[in-house]
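Thanks for asking me to look through this one. Here are my notes, set out as numbered points so that you can go through them with the structure open.

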Amino acid sequence: MQDQDQTEPLVEQVRHALSTKTPVNIVGGNSKSFLGRPAQATSLSITGHTGVVSYEPTELVVTVRAGTSMQSLNALLKDNAQMLPFEPPVFNTGTIGGVLACGLSGPARPFAGSARDYVLGMRVINGQAQALRFGGEVMKNVAGYDAARLHVGAFGTLGVLLETSMKVLPVPEYELTLQHTLGNANDSSGLIKLMRQSLPMSAACIVGPTQYVRLSGSESAVKAAAKTCGGEPLGKAADFWQSIRECSHPFFNDTIHSQSDDKRALWRISVPEFAPLLPVEGEWLLDWAGAQRYLKTDAPADTIFASAKQVGGHATCYTPDRVSADTALFQPLDGVMQTLQKRVRDSFDAHRLFNPGRYHTELDDELNRASAAEK
Amino acid sequence: MSSNTAEIQSPSLEAVQAKREAYASALSAIVPSGCILSTSEQLKPYESDGLTVFKRSPLLVLLPETIEQIQAILRWANEADVPVVARGAGTGLSGGALPHEDGILLGLAKFNQILELNAELGFARVQPGVRNLAISDAARPHGLYYAPDPSSQIACTIGGNVAENSGGVHCLKYGLTVHNVMAVTVVTIDGELLQIGSNALDHAGYDLLALLNGSEGMLAVVVEVTVKLLPTPPCAKLVMAAFNSVEDAGNAVGKVIADGIIPAGLELMDKPAMQAAEAFAHCGYPTESAALLLCELDGLEEEVSAQIEKVTRVFNACNVDELRVAESEEERLLLWKGRKSAFPAVGRLAPDYYCIDGTIPRGQLPYVLRRMEQLSAEYELPIANVFHAGDGNLHPLILFDANIPGETERTEALGSRILLLCVEVGGTVTGEHGVGVEKINEMCVQFDEDSLQQFHAIKAAFDPKGLLNPGKAVPTLQRCAEFGAMHVHHGNIPFPELERF
């Protein structure tokens, strides 16, 4: 792994962007360009800003620069029998900065927690070209607002991620995945019942009529829990979960990065695990015990947004090239929430230097600063 | 615990009384008169929170009964430029709920209902004044519980827990409040009602839920909280291990974790703390040892048995002096009782004690304990140590006597030195008690000027006029300049560009 601190040149680039009021498009491994529309702006690459700043396995904390590739970070942790418990996707060339900026977590999410849950600290460059530091390298820290976690899932629109400290955990001693054919396809009610019991579950998904449950822990505990769960052991389970995590399962064929004739869009819909199946025509894959659902559909964006909202969730389009250019890709924010989020963005990047057009475009216009000042 | 160096000249009693009456009369149009407290006897209990060295009388205490009333109160305060300090049970240890002398104190005690407990789906929707333990009590018959368990859980409220992002003994494995809250409903300073989060696992837009947790009542007033309920582990076992040196005990903590075990709780007490706890709770601690570890393991019986075997092996390899696995539930609870009563137990050793709350990287423990011993000698004040060892959260308890002139000030100074020591080794000035008014000066050392300015900008995004809990949590740069003049850090004067006073 290259060890390269480019804080200074990156700050310099932001300073230049600020002085010329020219926005930048922040890029890491460019593996998630299908999430949001890349900003039409000069690239600011973080891929040269790499390396482990500190890693002490017994502290369960790793501090890395944002441009560090997921592959090298995972390899380092694996060498020490540890892992990022939120099981983020690698997408081949992905960086840890990109994973956190997009706020992505894998199949373990409902059981282990999300990307933001494992972030302990963050160094970022804000829209005033200041390198800031929030949080720290310790598990418990309530000094100052939790601005570190705020950057997770902000798609770089609050600042350029420089460095992050994350909590890591030991790799489980033993894992077993059980598959089971459901009476009704896409029925997550059985999973919800399992989740209310004290079982060492670490992943749960449904593909069509088949339910998959992963158990992780000591061998004796996993084997005992397997009796409660029922179902048949799945071979090559690690490959299966990797295909769900990386969106490379056959379900995802002809969606992301595909030129095929299938013109259906792919949506990610985040809802309470117990929400009914949305009344939208299409093909479903349920991960996170039903709380994260992928949908291949022709249905219009408005229908999808409305039905997700109806059950207390939100939707994201994963195939921008299959919807019209003026279609929102993220669940539109409105009312007081929109105003507040705009103000938060304003507090970090008043001039909208970072990734305009990438994330919620309704947050892109600068606030009416005169009226804000009046207040 | 930092003294306020810039005391404002207090206005005359008549002027204060006139303002009090004017506010009360305006507010009587918004809330029933029985919800407005204004006499000095009524205000007295609200003068401080759990950090009693700071006391201030608010102009009024309001105890609203509906969300609409809270909205109207905040709208009025925003119009009239009146500071508002929200308060739950007032158990906080950093002065976060210390009233503003020119403002109103918004007590949320009447919001004490569990609105919904859904055992099937594993969540509870509660009002902010519901006590932490009451949630677990209500969930228990369903085989569920709410994981964060601050030691004040019998009294502290969930609204206060959100404000402070409270932890507890079990947060090493189960996380802090921020990891266990799914949604909050808040009222903003302009009286708008807003739900942040939901029963889904993530939400559109920026993660304001993460931002609200631990924001010390500075961004909005929480009026409803949805918490995650977890299945109660079928088995919990406690291992007690005594060591002849604190270093060995500290080492054992690191080795347990290196061995791939995340205990539900991992607590360390030094000799003075252990002896005090033993004298208080008679729980059978080996008081001749230098340090005591309590290591709780929970989960399926099979998992727990496997882990007990592993930690026993680790402790034996770390020169354990005495090792005991609690045989019965009674014994387990008794061993915990000693730890949980450590604060009042230490309180019996001296007329007063002051609890510090810093976090350090675990590996720095031996160094930090050595430095604290030196500082204890230098300031001539004894220290007893209670330590959430698993996650590096230190609670040194400084023993002092407030009746001896100068001793309180010396205690404050020692406390501040310990917090700065935590920052020096890469830790933080507060692990779980919050900054409040107590550690506001030390924030100047932990954060640089630009980061503090960013915090102020975040605050302004929610509360442009700065009316919610003003003066807490984030120091002004001017305050830092004054503090820097007293404490030169590593030979560098912070904020050299600001004028000195």
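1. Let me begin with Q130(A), which counts as buried because its relative accessibility is 17%, and buried means under 20%. Please bear in mind throughout that this is a predicted model. Q130(A) sits in the loop that runs between β6 (119-125) and β7 (131-135) of chain A.

2. What is Q130(A) in contact with, once its neighbours within four places in sequence are left aside? The partners are V124(A) and I125(A) from its own chain, together with D450(B) from the other chain. V124(A) and I125(A) belong to the stretch given for β6 of chain A, 119-125.

3. Next, have a look at strand β4 of chain A, residues 61-65. Five of its five residues are buried, so the rest of the structure largely encloses this strand. In a regular strand, side chains alternate between the two faces of the sheet. In β4(A), V61(A), T63(A) and R65(A) point one way, while V62(A) and V64(A) point the other way. R65(A) is worth a glance on screen, as this arginine is buried along with the others.

4. β4(A) has a strand partner in β3 of chain A (residues 52-56), and the two pair in the antiparallel sense over four bridges. To find the register, start from V52(A), whose bridge partner in β4(A) is V64(A). The hairpin formed by β3(A) and β4(A) has four residues between the strands. In that hairpin, L60(A) takes a positive phi near 60°.

5. β4(A) also pairs with strand β8 of chain A (residues 160-167), again in the antiparallel sense, and here there are five bridges. For the register of this pairing, V61(A) has K167(A) as its bridge partner in β8(A). β4(A) is thus a strand with pairings to both β3(A) and β8(A).

6. Now for chain A as a whole. Its secondary structure comes to twelve helices and 17 strands. For 375 residues, a compact globule would have a radius of gyration near 21 Å, and the 21 Å of chain A agrees with that. The C-alpha trace spans about 65 × 50 × 40 Å along its principal axes. Buried residues make up 62% of chain A, and of the contacts between residues at least 6 apart in sequence, 66% join residues at least 24 apart.

7. Chain B can be read in a similar way. Here the secondary structure comes to 18 helices and 19 strands. A compact globule of 501 residues would have a radius of gyration near 23 Å, and chain B agrees, with 23 Å. Its C-alpha trace spans about 70 × 60 × 45 Å along the principal axes. In chain B, 61% of the residues are buried, and 71% of the contacts with a separation of 6 or more are between residues 24 or more positions apart.

8. Finally, surface and charge. Chain A has an accessible surface of about 14,000 Å², with 49% belonging to carbon and sulfur atoms; for chain B the surface is about 18,400 Å², with 51% belonging to those atoms. How many positive and negative side chains does chain A have? There are 34 positive and 38 negative ones, and the centres of the two sets lie 3 Å apart. Chain B has 35 positive and 63 negative side chains, with the two centres 2 Å apart.

Technical notes:
Residues are numbered from 1 along each chain as its sequence is written. Chains are lettered from A and ligands numbered from 1 in the order in which they are written. This is a predicted model: local features need pLDDT of at least 70, side-chain atom pairs count only at pLDDT 80 or more; totals for chains, interfaces and linings use all residues. Side-chain values use heavy atoms; hydrogens and water are left out. The radius of gyration is taken over C-alpha atoms; the globule rule is 2.2 Å times the number of residues to the power 0.38. Buried means under 20% relative accessible area, exposed over 50%, partly exposed in between (1.4 Å probe, protein chains only). Contact means heavy atoms within 4.5 Å. Accessible areas come from the Shrake-Rupley method with a 1.4 Å probe; for residues, only the protein chains shown count as cover. Lys and Arg count as positive and Asp and Glu as negative; His and the chain ends are not counted. The place of a charge is taken as NZ of Lys, CZ of Arg, CG of Asp or CD of Glu. Two strands pair if DSSP finds at least two bridges between them.
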